[in-house]
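Trainee: Please go through this one with me, label by label. I would like to see how each word is earned from its value.

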Amino acid sequence: MDSTNAGLDVSSSHLNGELPTRTAAAVAAGNLAAKLSKATGRAGGIIGGRVTLALDPHALARLCKDRTVALVTGTNGKTTTTMMLAKAMSVIAPVATNHSGANMPDGLVAALSTDQTAPVGVLEIDENYLPKISDAVQPAVIVLLNLSRDQMDRVGEVRHTERNLRTAISRLHNTTVVANCDDVLVTSAAIDAASTIWVSAGGNWRGDSTSCPRCGMRVHGGATDWYCDCGFRRPNPTWSVVDGKMTSPTGESFELALRLPGSANEADATLALAASTHLGVPLRPALERIRTITGVGGRYTTLTRNDRVVRLLLAKNPAGWAETLPLLAKSPEHPVIIAINGREADGRDKSWLWDVPFERLQGRTVIATGERSADLAVRLTYADVRHTHVPDPYQAIDSVAPGAVELVANYTAFRDLKSGLSSNGS
């Protein structure tokens, strides 16, 4: 079933009554724990949510009661799309959101506890946790972005994730799924939903969609015309984006003109607009809010160190790299530093490096750095990319000539460099 606009008026939504005594006490204790944590210099949000859930395991469901909730999930783009959707929804109502990236149950609880009066919740959720919490949250909308391999040593094979999402979504009878129909696995997860809005959002990675998730046979065609002989095929979208131009279900077409670079951000914006208009937000005001976003969690930030102007980019898996490589400055004189760590939050298995088309960096000045820089150096060697191996990221930056530098890092390497460069007066 396709649903283009539910006509929900969240501006009139309100939270009915007070939280149960146990939940209110748990939230108060969690907020206190978060405050004390922040006083010691930590982020605070995760511990607050963790304390709340320890005292009341049903806190998430109770905090979502009487709110209009949208969940955003997928392998890549969750944080960006959550910020975009929250901005769009703020046109008509206050929004509680966790767009900082704390996307497990304790992070969701922390976000909702911090703002208990907002009638709208826009929440990023790790795709592997959505089946566990969707029944409790009963979201009005789920935005399903993409599915690809990521941290397989931690979360397993992506088709297992798709099957779990498919089962969870099929249980939700009052939820509309806004889904990228150019992604084979996303379509399989969403196609049995009670209500769907299909978006042609594209994508530069198809390495996990060569076989049908329904029957295992080969998937034919390209991103916009794929099909399987078993009858499973790409649905017809009502929203689409091509080369920065978005087309809505009414046939209206115009340039997104985002301040964030790249086709991945254009895809995320289109999915966010499809979700927000379904929830009653006028399209053009929603887009104007999204256009105000200039950065997401430090991504695309430019910082300086010893006369080097460093642009930070985040890429965590092959699909993310497929979107990031086209964003690198075309000028061959701009060095490219690649920082790879292998901590638990990154996934310790680095076999995915062999799926990234590093061959595109041939002819560039490339430096391999980070805790797993030796693994990266081997991959670059086989890609015939001439490079220097400098394990320490700051020494890697200092090793290039003053001027513009492109620095692409995976999760913990990005986090540490963003903090370290900022604290050095960048």
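Mentor: Let us begin with Glu252, which counts as partly exposed because its relative accessibility is 29%. This is a predicted model, in which local features need pLDDT of at least 70 and side-chain atom pairs 80 or more, while totals for chains, interfaces and linings use all residues. Residues are numbered from 1 along each chain as its sequence is written, and side-chain values use heavy atoms, without hydrogens or water.

Trainee: What makes 29% "partly exposed" for Glu252?

Mentor: Buried means under 20% relative accessible area and exposed means over 50%, with partly exposed in between (1.4 Å probe, protein chains only). At 29%, Glu252 therefore falls in the middle class. Arg284, at 47%, is partly exposed too.

Trainee: How do you know that Arg284 and Glu252 form a salt bridge?

Mentor: The term asks for a side-chain nitrogen of Lys or Arg within 4 Å of a carboxyl oxygen of Asp or Glu. The closest N and O atoms of Arg284 and Glu252 are 2.8 Å apart, so the pair qualifies. Arg284 belongs to helix H11 (residues 283–290) and Glu252 to the loop between strands E10 (245–247) and E11 (253–255), so the bridge ties together parts 32 residues apart in sequence. Another set, Arg343, Glu371, Arg415 and Asp416, is joined into one network by salt bridges that share partners.

Trainee: How many salt bridges are there in the structure?

Mentor: There are 19. In general, side chains of opposite charge can pair when their charged atoms come close. One of the bridges links Arg62 and Asp56, at 3.0 Å from N to O.

Trainee: Are Arg62 and Asp56 buried, partly exposed or exposed?

Mentor: Arg62 is partly exposed because its relative accessibility is 32%. Asp56 has 0%, so it is buried.

Trainee: What makes H8 a helix, and where in it do Glu162 and Arg166 lie?

Mentor: Helices here are DSSP runs of H or I with at least four residues, strands are runs of E with at least two, and both are numbered from the N terminus. H8 covers residues 158–170, and Glu162 and Arg166 lie in it 4 residues apart, about one turn of the helix. Their side chains meet in a salt bridge at 2.9 Å, N to O, and both residues are buried.

Trainee: Why are helix H6 and H8 called roughly parallel?

Mentor: Axes are lines fitted to C-alpha atoms, for helices over the stretch in contact, and angles run from 0 to 180 degrees between N-to-C directions. Angles under 35 degrees count as roughly parallel, over 145 as roughly antiparallel, 65 to 115 as roughly perpendicular and the rest as oblique. H6 (residues 130–137) and H8 cross at roughly 10°, their axes coming within 9 Å, and are therefore roughly parallel. In the contact (heavy atoms within 4.5 Å), H6 brings Leu130, Pro131 and Ser134, and H8 brings Asn164, Leu165 and Ala168.

Trainee: And what makes H4 oblique to H11?

Mentor: H4 (residues 78–89) and H11 pack at about 130°, with their axes 8 Å apart. That angle belongs to none of the other classes, which makes H4 oblique to H11. The residues that meet are Met84, Lys87 and Ala88 in H4 and Ala286, Arg289 and Ile290 in H11. By class they are 4 nonpolar, no polar and 2 charged: Ala, Val, Leu, Ile, Met, Phe, Trp, Tyr, Cys and Pro count as nonpolar, Asp, Glu, Lys and Arg as charged, and the others, Gly among them, as polar.

Trainee: Why are H4 and H10 called oblique?

Mentor: H4 and helix H10 (residues 263–278) cross at roughly 40°, with axes coming within 9 Å, and are therefore oblique to each other. Their contact includes Met84 and Leu85 of H4 and Ala269 and Ala272 of H10. By class it has 7 nonpolar, 4 polar and 1 charged residues.

Trainee: One last label: what makes Asp243 exposed?

Mentor: Its relative accessible area is 74%, so Asp243 is exposed. Asp243 sits in the loop between strand E9 (239–242) and E10, and its phi is near 50°, a positive value in a residue other than glycine. Gln138 also has phi near 50°, but at 42% relative accessibility it counts as partly exposed.
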